[in-house]
Amino acid sequence: MSLAATIPADDGGPLVTPHPRLRLHRRFHSVHLPDDRDVMVYLPPEYDAVSARRFPVLYMHDGQNLFDPRTSFIPGRTWQVRETADSMILAEDVEPLIIVGIHNAGERRLSEYTHTRDWKVGGGSADAYGRLLTRELLPFVDAEYRTLTGPENTGMGGSSLGGLVTMYLGLRYASIFGKLAVMSPSVWWDHKSILAEVNEYEGPPWPRIWLDVGEAEGARVVSDANLLHKKLALRGWRDGATLHYERVDGGTHDETAWAARMGPMLRFLFPARPRDRGSAGE
């Protein structure tokens with residue numbers, strides 16, 4: 001039997017998602033950016049069964065690549081987010097959580113995921129994208145789903161330019177996002193200007209940060225990630241407590257590699273709490 005779910009689309013016609021616990025919101029509109037975008041929401045196994053419970057939320061960029069093989073950058077190859085989250089929740093390694101995949105804006109992805117403008121290629125709309133997240137999408141998700149709020153229950157994550165914008169907005173909105181997944185970040189952007197953002201961060205709070213890079217992503221990428229890790233440690237983040245830096249042997253810069261890192265990232269940012277032991281799937 002297929003695990004796909006048929007749900008009504010905005011225009012009343014049928015819409016198929018890859019799984020019944022994936023809810024697709026079509027053409028989410030923002031007053032801050034010109035493009036509407038789809039948003040896919042993953043619900044944990046016990047969401048419908050335990051109607052009184054609320055759940056933390058992880059917001060992830062490049063939502064096309066997370067759940068649905070039909071929309072992923074490389075067709076058929078996703079981050080396996082639902083499969084990994086289900087497995088780890090049921091194994092009681094990770095607390096049950098909601099994961100929101102925000103589709104990127106296609107040609108304007110680079111602009112929305114960068115915080116400064118490059119005179120050759122553009123960019124610099126990350127602040128507007130941050131307003132979409134904090135003023136529009138978060139309130140929408142909180143209204144539609146049973147969420148836990150506050151920085152201790154709210155995360156953000158992405159890879160490459162998605163990792164860059166996570167780092168930037170995570171510092172700008174540290175009172176909202178208390179957990180950050182900064183995966184293979186594009187530290188190189190605009191002469192590594194993200195490092196200046198880190199240097200200027202005063203804190204507290206100190207969002208809990210998962211930072212990673214694959215050893216096969218190239219010497220420059222690894223060197224940049226090492227430098228970001230060093231800067232974070234100098235600004236007050238503590239390895240093993242508020243910061244985890246993972247250098248993955250053989251890790252590459254693609255969906256397959258990031259899929260392999262989903263589990264450890266979730267375990268660090270959303271570890272199972274005592275109340276979760278024995279409750280998964282109830």
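## A walk around the strands, the cores and two helices

Start by selecting strand S5 (residues 57-60) together with S7: the two pair in the parallel sense over 4 bridges. Keep in mind as you click around that this is a predicted model. For one of those bridges, pick out methionine 60, whose bridge partner in S7 is glycine 157.

Now colour the whole of S7, residues 154-159. Is this strand buried or exposed? Here 6 of the 6 residues are buried, so S7 is largely enclosed by the rest of the structure. Show the side chains too: Thr154, Met156 and Gly158 point one way, while Gly155, Gly157 and Ser159 point the other way. Both sets are buried.

Next, add strand S8 (residues 179-183), which runs parallel to S7 and is joined to it by 5 bridges. Zoom in on serine 159 and you'll find its bridge partner in S8, methionine 183. To see how the chain gets from S7 to S8, trace it through helix H4 (residues 161-172); this β-α-β crossover is right-handed.

Time for the nonpolar interior. Which residues touch the most other members of the largest nonpolar core? They are Val100 and Leu137, in a core of 51 residues. Select helix H3 (residues 126-144) as well, since it brings 8 residues, the largest share of this core. Then centre on valine 100 and, leaving aside its neighbours within four places in sequence, look for its contacts: Val39, Met40, Val41, Val57, Leu58, Tyr59, Met60, Leu137 and Val141. You've already met Met60 as the partner of glycine 157. In general, nonpolar side chains in soluble globular proteins tend to be buried together.

There is a second, separate core to find as well. It has 26 residues, and you can locate it by selecting Tyr42, Ile89, Ile99 and Trp210, which are among them.

Move on to helix H1 (residues 81-90) and click threonine 84. Why does threonine 84 count as buried? Because its relative accessibility is 18%, and the cut-off for buried is under 20%. Leaving aside neighbours within four places in sequence, threonine 84 is in contact with Ala259, Met262 and Gly263, so show those three alongside it.

For the last stop, jump to helix H7 (residues 219-234) and select leucine 234. Unlike threonine 84, which is buried, leucine 234 is exposed, with a relative accessible area of 62%. Finish by drawing a distance from its C-alpha atom to that of glycine 163: the two are 71 residues apart along the chain and separated by 20 Å.

Methods. Residues numbered from 1 in each chain as written. Predicted model: local features only at pLDDT ≥ 70, side-chain atom pairs only at ≥ 80, totals over all residues. Heavy atoms only, no water. Core = buried A, V, L, I, M, F, W, Y, C linked by side-chain atoms within 4.5 Å. Buried < 20%, exposed > 50% of the residue type's maximum accessible area, 1.4 Å probe, protein only. Contact = heavy atoms within 4.5 Å. Pairing = 2+ DSSP bridges. Right-handed = clockwise from strand over helix to strand, strands pointing away.
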